Amino acid sequence: MTAVFPLHRTTRPTPAPDRDAILADPGFGTHFTDHMASATWTPDAGWHGHRIGPVTPYTLHPGAAVLHYAQEVFEGLKAYRHADGSVWLFRPEINAARFARSARRLSLPEVSEAEFLASVEELVRADEAWVPAFGGEQSLYLRPFMFASETFLGVRPAHRVEYSVIACPAGMYFSSGSGVTLWISTTFTRAAAGGTGEAKCGGNYAASLAAQTEAHEHGCDQVLYVDGVEHEWLEESGTMNVCLVTSDGELVTPPLGTILEGVTRDSVLALAGEHGLTAVQRPVSVTELRERCADGSVTEVFAAGTAAVITPIVGFKGADLDVRVGGGAPGKTTLALREHILDLQYGRVADTRGWLRRV
Ligand code: COI
């Protein structure tokens, strides 16, 4: 079969001992593989110039639209090594669909599902040696993205767009496995109805940095956003969705609308029944969180995201709250769901839902 993204292999790959040293302790987002996928879009030619080539810096005119108006979207997904050495993606079709929705919201051209999957798979094949070994909690994190590269300062959709996929071996996103504390910000709002909250665009993350700093200043690991109107309804944490487990057997998470439709969020909702839980998507207020953490009827809280997998939340501060959840330790259900997702991703249990895609 002809590759959609033909491979132009680097003549200067990372020496194997250097690569192995990185794989021994990859961290998150600091070490990159040897290749990248790329394609360019223009109104006349559509997507063209598809290739996998050596990781190469862009040359951008200082007037490139993305540098001024942040017309950019991205995705995050991972490739997992199984015990037999094979490499798999987890529900990449959902990332492809979300990437297309994000592109539409930012007036960028869509990458088809076939092109998205080909770019990711062909990059993983080219850099297969960078996929960490089976047995730990490491994976190859893939970052598809596109941005307005046209040199133009007028505000309109760009006439030149670059699409790329880069990859980095990744360990745990949070170094502490024992849970994180969230800061409920009433100063900063992530999104409002009609805004870009559902899109995975760089601007959302740039705007989250001040809220993140506020969280750190209050001794918390991450921010938890509430709605921008009443400052009362839980949204998401900025890099993760948030889920509550209740003593009457519900797995509750805020509804879609202004939050990111997470792949891990969706997977957890689908798996809830197997853990004796009823999945419920409904608004959750700060008042409910305060009262139910205090009376013990919210027994566990966790965050869900591709990078963070499932991360226990052990406490909240801000918005007149200073509560511990579940005695400040990760809950049983949280850890079971986390293990379940990881078992599926690493092929340690049967994939009865067809969620895995072999590279
Ligand atoms: C992800 O979980 O893949 C994300 O995109 C979150 C983050 C690292 C920005």
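## Two domains, a ligand shell and a helix pair

Let's start where the two halves of the chain meet: 23 residues of domain 1 are in contact with 14 residues of domain 2. On the domain 1 side of this meeting place, the elements that contribute two or more residues are the strands β3 (72-74) and β4 (77-81) and the helix α3 (92-105). Of these, α3 gives the most, with six residues. If you are curious about the chemistry of that side, its residues divide into 11 nonpolar, four polar and eight charged.

Now step back to see the whole chain. What you have in front of you is a predicted model, in which domain 1 covers residues 16-170 and domain 2 covers 180-346. Taken over C-alpha atoms, the centres of domain 1 and domain 2 are separated by 27 Å.

How far does the predictor trust its own work? The average pLDDT of the chain is 95, and 99% of the residues score at least 70. For the complex, the predictor gives an ipTM of 0.93 and a pTM of 0.95. As a general reminder, predicted coordinates should not be read in detail where pLDDT is low.

Next, turn to the ligand. Which residues surround it? You will find G76, Y205, T239, G305, T306 and A307 around the ligand. Sorted by class, this shell holds two nonpolar and four polar residues, and no charged ones. G76 of the shell falls within the bounds of domain 1 (16-170), while Y205, T239, G305, T306 and A307 fall within those of domain 2 (180-346).

Finally, let's visit a pair of helices, α6 (residues 263-271) and α8 (residues 332-345). Their axes come within 11 Å and cross at roughly 110 degrees. An angle of 65 to 115 degrees counts as roughly perpendicular, and α6 and α8 are therefore roughly perpendicular to each other. On the α6 side, the contact is made by T264, S267, V268 and L271, and on the α8 side by L337, H340 and I341. Taken together, the residues of this contact divide into four nonpolar and three polar, with no charged residue among them.

Notes:
Residues numbered from 1 in each chain as written. Predicted model: local features only at pLDDT ≥ 70, side-chain atom pairs only at ≥ 80, totals over all residues. Near = placed C-beta within 6 Å. Nonpolar A, V, L, I, M, F, W, Y, C, P; charged D, E, K, R; others polar. Domains from an automatic or database assignment. Contact = placed C-beta atoms within 7 Å. Helix = DSSP H or I, 4+ residues; strand = E, 2+ residues; numbered from the N terminus. Axes fitted to C-alpha atoms, helices over the stretch in contact; angles between N-to-C directions. Parallel < 35°, antiparallel > 145°, perpendicular 65-115°, else oblique. pLDDT = per-residue confidence, 0-100.
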